[in-house]
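Take a first look at the model below. Then follow the text from one feature to the next.

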Amino acid sequence: MAENKAKRGGADRALIALTEKYEVAYWSKKFKVTPAKLKYAVKKVGRSAKKVEAYIKLQKHRASDKSRIALSEAYEVRYWSKRFKITPAKLKAAVAAAGHSSRKVEAYLAARKTAKKKSARKTTRKTTKKAARRKSAA
């Protein structure tokens, strides 16, 4: 993209000019990001299109990695077990059952918790009924 319309060299095409609206639109569409994210990336790494593209890819990769649980990393196991308030063994079992997505593991753990509450209610109802029968029989 040429900032100076008279210059049509390859070196200028490899640079991103934030002052030109059509360039911001073109590059944000090309990299599939919002203009605000494009501007942030340019300010962070410079005007080079290659550097900006690499930075945006890295950010997208990091964002997708944040929601995945890597059991091979001890610090990840510690982090997620603290976050979900469970033991590392239970975390590993939950990941095996639900997959490596933190959202799926969280949903799985929530479902297990509600199932435990329901079964606990049923057992307390049964024990109270038995106790009432014993009192009436005595």
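**A charged patch, then the rest**

Start at the surface. Lys85, Lys113, Lys117, Lys118, Arg121 and Lys122 gather there in a patch of positive charge. Keep in mind that this is a predicted model.

Take one member of the patch, Lys118. Where does Lys118 sit? Its place is in helix α7, which covers residues 102-137. Is Lys118 buried or exposed? Its relative accessibility is 53%. Exposed means over 50%, so Lys118 counts as exposed.

Now step back to the whole protein. How many helices and strands does the protein have? There are 7 helices and 0 strands. Read from the N terminus on, the order of elements is α-α-α-α-α-α-α. The protein has 138 residues, and buried residues make up 21% of them.

Go next to helix α4, residues 49-66. Here Glu53 forms a salt bridge with Lys57. The closest N and O atoms of the two are 3.9 Å apart. The cut-off for a salt bridge is 4 Å, so this pair falls within the limit. How many salt bridges does the count come to? The count comes to 1 salt bridge.

Why can Glu53 and Lys57 be described as about one helical turn apart? Because they are 4 residues apart in helix α4. How accessible are the two partners? Glu53 has a relative accessible area of 31%, so it is partly exposed. Lys57, at 54% relative accessibility, counts as exposed.

Turn now to the aromatic rings. The count comes to 4 aromatic pairs. One of them joins Tyr79 and Trp80. Their ring centres are 5.0 Å apart, and the angle between the planes is 80°. Angles over 60 degrees count as edge-to-face, so this pair is edge-to-face.

Compare how the two residues are covered. Tyr79 is partly exposed, with a relative accessible area of 47%. Trp80 is buried, and its relative accessible area is 4%. Buried means under 20%, so Trp80 meets that limit while Tyr79 does not.

One more aromatic group remains to be found. Which residues form an aromatic cluster? Tyr26, Trp27 and Phe31 form one.

To retrace the route, begin again at the patch of positive charge that includes Lys118. Move to the salt bridge between Glu53 and Lys57. Finish at the edge-to-face pair of Tyr79 and Trp80, and at the cluster of Tyr26, Trp27 and Phe31.

Definitions and conventions
Residues numbered from 1 in each chain as written. Predicted model: local features only at pLDDT ≥ 70, side-chain atom pairs only at ≥ 80, totals over all residues. Heavy atoms only, no water. Phe/Tyr/Trp six-rings, centres within 6.5 Å; stacked < 30°, edge-to-face > 60°. Buried < 20%, exposed > 50% of the residue type's maximum accessible area, 1.4 Å probe, protein only. Patch = residues over 30% accessible without salt bridge, like charges linked within 9 Å, V, L, I, M, F, W, Y side chains within 5 Å. Areas by Shrake-Rupley, 256 points an atom, 1.4 Å probe, with all protein chains shown as cover. Salt bridge = Lys/Arg side-chain N within 4 Å of Asp/Glu carboxyl O. Lys, Arg positive; Asp, Glu negative; His and termini not counted. Charge placed at Lys NZ, Arg CZ, Asp CG, Glu CD. Helix = DSSP H or I, 4+ residues; strand = E, 2+ residues; numbered from the N terminus.
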